[in-house]
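Visitor: Hi! Could you walk me through this one and tell me how you know what you say?

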Amino acid sequence: MTDVTAQFARYAATIRHQDLPPDVETRTRFLILDLLGNIVRGRHDAESSAPLMAGARAMGLSHGNHVVLGEASRWSPAGAALLNGAFAHSLDFDDTHAAGTLHPGAPVIPAAFAAAEITGAAGKDVIAAIVAGYEVTNRLAVALPGGDHYDRGYHPTATCGVFGGAAAAGRIFGLSAAQIEDAFGIALSQSAGSLQFLKNGAWTKRFQVGWAAMAGLSAALMAREGFRGAAEALEGKAGFLRAYAPNPNPERAVRNLGSEFELMETAVKPYPSCRYGHANVDAALAIRAEHNLKAEEIESVTMGLPNKGMLLVGAPLEYKRHPKNVVDGQFSGPFVVACALAHGHFGWDSYPKMDQPDLRALMPKVTCVEDPEVQAEFPAYMSGKLTVRARGQVFTKMVVVPKGEPANFLTEDELRAKFHGLADAVLGHAQAAQLADAVVGLAGAPDINALMRLGVPRTETRLAGE
């Protein structure tokens with residue numbers, strides 16, 4: 001039996017910033033920057049944010065001095081982890097790992113930041129801890145594998161993310177390998193997340209990711225205080241891998257651990273929606289620009305997807321053609337492609353336009369199908385193939401590697417532009433630029449306190465969702 005729990009615990013307990021390959025260290029800071037922009041804007045623009053904060057206050061989580069980015073009031077450590085994690089995932093604009101079919105940053109980084117505020121950890125230790133959290137999260141997902149886990153109705157961002165959050169927080173607390181094993185055993189009792197949110201556009205998708213960040217932090221804190229967790233939490237007979245998927249591959253979880261980095265297989269989203277639709281958005285923008293298409297000229301659109309993409313953004317087709325709210329839109333292939341074709345743009349500002357006549361007329365013309373050529377690229381790439389019939393002609397474009405994937409990653413300038421597009425409306429451009437600089441310079445920071453303060457609005461902010 002592969003001792004996944006023990007190997008992950010040793011890795012998380014001993015990882016050091018100075019041992020990270022330079023490309024991994026740099027990529028980690030960029031992933032932090034990307035997630036912080038999501039948190040700042042998610043605090044304000046997600047309709048679920050105000051009720052979530054009210055619920056957190058009702059649970060007594062508002063008593064403390066921890067920062068929730070984009071928010072003026074202070075919170076307990078658990079409250080900050082919960083809210084930062086949920087806000088990070090609320091726009092569905094956060095990073096993705098294709099093979100694991102999850103979003104690793106949202107549960108891991110908020111847990112690490114909450115732990116670092118407790119301890120005053122140096123920036124370089126926060127970076128190392130986040131790398132450990134990404135590795136645990138992503139490697140668990142590919143060992144399930146993620147597709148089988150999805151088929152059982154689980155949401156791996158939350159179910160795997162709680163272990164990554166525990167690893168990251170445990171590293172920051174300076175836990176021993178044995179203590180981190182206990183943290184994993186405690187996290188096992190809290191690993192939860194359901195895909196049932198797809199039925200009605202529920203806000204539980206966001207909540208369960210924030211809960212994973214909070215639960216990971218809590219597991220590490222409990223282990224620090226000597227609380228005993230279940231042994232063999234990951235590989236055991238009733239452990240995570242065997243209980244949550246029918247045919248897991250525990251050996252895959254620890255293959256080349258420490259020498260190969262699944263963090264480097266994490267992508268950043270250029271569009272605020274489910275990643276399975278992005279290749280088709282790239283294709284739609286390219287076809288529109290190349291042929292100067294207008295929405296009213298389009299007769300039909302066929303959106304080629306992989307099988308797992310059909311599950312999330314393509315079916316049931318009639319429901320996807322008629323999204324009723326933001327969550328519906330985030331998981332609607334017809335909506336995201338219609339935006340790109342009709343407007344030559346798809347961003348967070350596209351959701352308020354959902355009911356515009358041109359989009360409502362175009363969405364019913366979009367058909368989603370499982371495409372063999374696209375499926376052949378999965379899970380290495382979330383590819384897509386778009387076929388547009390217009391002016392009596394047929395235009396087809398296959399995008400194998402969508403923008404933002406590791407092999408087509410955003411530049412620092414592009415990442416900063418995305419960050420400012422999210423954060424400026426809350427913090428103002430100058431303060432947002434200071435926050436971005438602080439993240440990029442995190443390795444030299446004595447702690448994260450100054451960085452966190454830069455994420456607190458200095459003036460009253462009024463945005464949607466207030």
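Visitor: What makes C274 count as buried or exposed?

Guide: The model is predicted, so local features need pLDDT of at least 70, side-chain atom pairs count only at pLDDT 80 or more, and totals for chains, interfaces and linings use all residues. Residues are numbered from 1 along each chain as its sequence is written, and side-chain values use heavy atoms, with hydrogens and water left out. Now, buried means under 20% relative accessible area, exposed over 50%, partly exposed in between (1.4 Å probe, protein chains only). C274 has 7% relative accessibility, so it counts as buried.

Visitor: Why is C274 not bonded to C368?

Guide: A disulfide is a pair of cysteine sulfur atoms within 2.5 Å. The sulfur of C274 has its closest cysteine sulfur in C368, 11 Å away, so that is too far for a bond. C368 is buried at 7% relative accessibility. Search the whole structure and you get zero disulfides.

Visitor: How many cavities of 30 Å³ or more are there?

Guide: There are three. On a 1 Å grid over the protein atoms alone, a cavity is a set of points where a 1.4 Å probe fits but cannot get out; lining residues have an atom within 4 Å of a point. Grid points are joined across faces, edges and corners, and volume is the space filled by probe spheres set on them. The largest cavity comes to about 130 Å³. It has 16 lining residues, and C274 is among the closest to its centre, with T101, H103, Y150 and L312.

Visitor: What volume does the second largest cavity have?

Guide: About 40 Å³. Its lining includes H89, W203 and Q330.

Key:
On a 1 Å grid over the protein atoms alone, a cavity is a set of points where a 1.4 Å probe fits but cannot get out, and a pocket is an open set with protein on both sides within 12 Å along at least five of seven lines; lining residues have an atom within 4 Å of a point.
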